[in-house]
Amino acid sequence: MSDEYSIVWTELGIEPRAELFEGKDLNYVAPTTLAEAEQLKQSAKGYHYLAGGTILNWKGSPRVKGLIDLKHLQLEKITGISTEIRIGAMATIQYLADCPALPQALRNSAKLFTSKNIRNMATIGGTATGNFFVSDVLPVLAAFQVDIEYFQDGRKAVMPLVTWLRHKSGLICAILIKHTHRTVFFRQEKIAQMDFPLIVTALGVELNDGKISEPVIAISGAIGKLIVSESGAAVLSGKSPSEVTFEELNAAVQQEVEPTGNVKATPRVKRRVIESHLKAILAELQKEGA
Ligand SMILES: Cc1cc2nc3c(=O)[nH]c(=O)nc-3n(C[C@H](O)[C@H](O)[C@H](O)COP(=O)(O)OP(=O)(O)OC[C@H]3O[C@@H](n4cnc5c(N)ncnc54)[C@H](O)[C@@H]3O)c2cc1C
C-alpha cells in the first residue's frame with residue numbers, strides 16, 4: 001500500500017504520527033493532466049491528491065507537505081445511460097444524491113451523509129480512497145459490483161472496487177456502474193441525525209428465474225475498513241429468496257465479522273445492529289422475489 005494511504009483517520013481526526021507535517025511551508029499545485037498529477041505525486045514524499053478536502057482539511061491545516069488539487073482534471077461529470085454509468089471521481093456526494101440517472105439505492109445512501117455542507121464538498125473519489133472509518137456509500141457501491149477506473153504509471157486501468165480497496169493505488173478517475181440491473185438494499189444506523197453512521201449494511205443480488213446469483217453483502221463501520229462477507233454470499237447463492245432463513249444468513253455473516261468498539265457502541269451492540277440490518281434486508285429481498 002502506498003505511503004499516503006497509511007494515514008489513519010479516526011473519529012478524533014488524523015492519528016498523530018511523527019512524520020506528518022504540520023502545515024508549515026505547504027505547497028499547492030493544480031495540474032491540468034493526469035500524467036502531470038502523477039508526476040507531481042511521485043516527485044516528492046508527503047504530497048497528497050486533494051479532492052473535496054473534508055478528510056485532508058479536517059481538524060486544522062492539512063498535515064501534509066503538498067497538495068495536488070484534482071479540480072482541473074475534468075473528473076466531476078456523471079455520464080452514461082442506464083445500463084452503464086460513469087461517475088467521475090470528483091463528483092460530489094450531493095451531486096450523486098441529486099442525479100436522477102443513478103440507481104435509487106445509491107442516491108438514497110448519498111442523501112444520508114451528515115449534512116449538506118459535507119455533501120457539497122466530499123467527493124466519491126475521496127470516499128473510495130480515504131481511510132475513513134465508516135462510509136454510507138461504499139457498501140452500496142460494493143453491492144452494485146462497481147469497478148474503479150484509475151490512472152497509474154502513465155495509463156488508465158480498471159479493477160473491481162473490492163479488489164482495488166485492498167491495494168489502493170493510483171489516481172481514481174471514475175467509478176463505473178456496469179450492473180445497474182442489480183437489486184440492491186441497504187440499512188444504516190445513526191445515534192443522532194447530524195452524525196456519522198454507526199453501521200451500514202448493503203446487499204446486492206441478481207434474480208434470475210427466481211434464483212439468487214452474484215450476491216454481495218458489504219458492511220461498513222464494524223471495523224475500520226469495508227467487510228465483504230463471503231460466507232453470507234454462499235448462503236444466498238443459488239437459492240430463491242424464500243428458501244433463505246435469517247438464522248442461517250446471520251450466523252454466516254457474524255462468523256466473518258469481528259466488530260471493534262468505539263465511543264458510540266460496543267462490539268456486542270454492533271453485532272446486534274448488523275443482525276437487525278440483515279433481518280430487514282432479507283425481508284425486503286423476500287418481498288421483491290415473491
Ligand atoms: C465532518 C465530516 C462528516 C462526515 N460525514 C460522513 C457521513 O455522514 N457519511 C459518510 O459516509 N462519510 C462521512 N464523512 C467522510 C467522508 O466520506 C469523507 O470525508 C469524504 O468522502 C472524503 O472525500 P473528499 O473529496 O473530501 O476527500 P479528500 O479529503 O480531498 O481526500 C481524502 C483522501 O483521498 C485521497 N484522494 C481524494 N481523491 C482521490 C482520487 N481521485 N484519487 C486518489 N486519491 C484521492 C486524498 O489524497 C486523501 O488521501 C464525513 C467527513 C467529515 C470530515
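Here is a short conversation about a predicted model, its ligand and one of its sheets.

Student: Which element gives the most residues to the shell around the ligand?

Tutor: Let's start with the shell itself: 31 residues surround the ligand, and Gly125 and Gly126 are among the closest. Strand 4 (47-50), helix 4 (116-121), helix 5 (124-129) and strand 10 (171-177) each give two or more residues to this shell. The top contributor, with 4 residues, is helix 5.

Student: How many residues of the shell around the ligand are charged?

Tutor: The shell draws at least three residues from each of domain 1 (3-69) and domain 2 (78-177). By class, 17 of the shell residues are nonpolar and 12 are polar. The number of charged residues is 2.

Student: Which strands stand at the edges of the open sheet, and why is one side of each left without a neighbour?

Tutor: Good one! The sheet has 4 strands in the order 11-12-13-14, with antiparallel pairing. Each edge strand has a single partner strand, so one of its sides has no neighbour in the sheet. The two edge strands are strand 11 (183-189) and strand 14 (227-228).

Student: Which helix packs on the sheet?

Tutor: Look first at strand 11 and strand 12 (residues 199-208), which pair over 7 bridges in the antiparallel sense. Within this pair, Thr183 is placed opposite Val205 of strand 12. One helix touches strand 11, strand 12 and strand 13 (211-220), and its direction makes about 25° with that of strand 12. Spanning residues 267-289, this is helix 10.

Conventions. Residues are numbered from 1 along each chain as its sequence is written. This is a predicted model: local features need pLDDT of at least 70, side-chain atom pairs count only at pLDDT 80 or more; totals for chains, interfaces and linings use all residues. A residue is near a molecule or strand if its C-beta atom, placed from the backbone, lies within 6 Å of it. Ala, Val, Leu, Ile, Met, Phe, Trp, Tyr, Cys and Pro count as nonpolar, Asp, Glu, Lys and Arg as charged, and the others, Gly among them, as polar. Domain bounds come from an automatic or database domain assignment. Two strands pair if DSSP finds at least two bridges between them. Two residues are in contact if their C-beta atoms, placed from the backbone, lie within 7 Å. Axes are lines fitted to C-alpha atoms, for helices over the stretch in contact, and angles run from 0 to 180 degrees between N-to-C directions.
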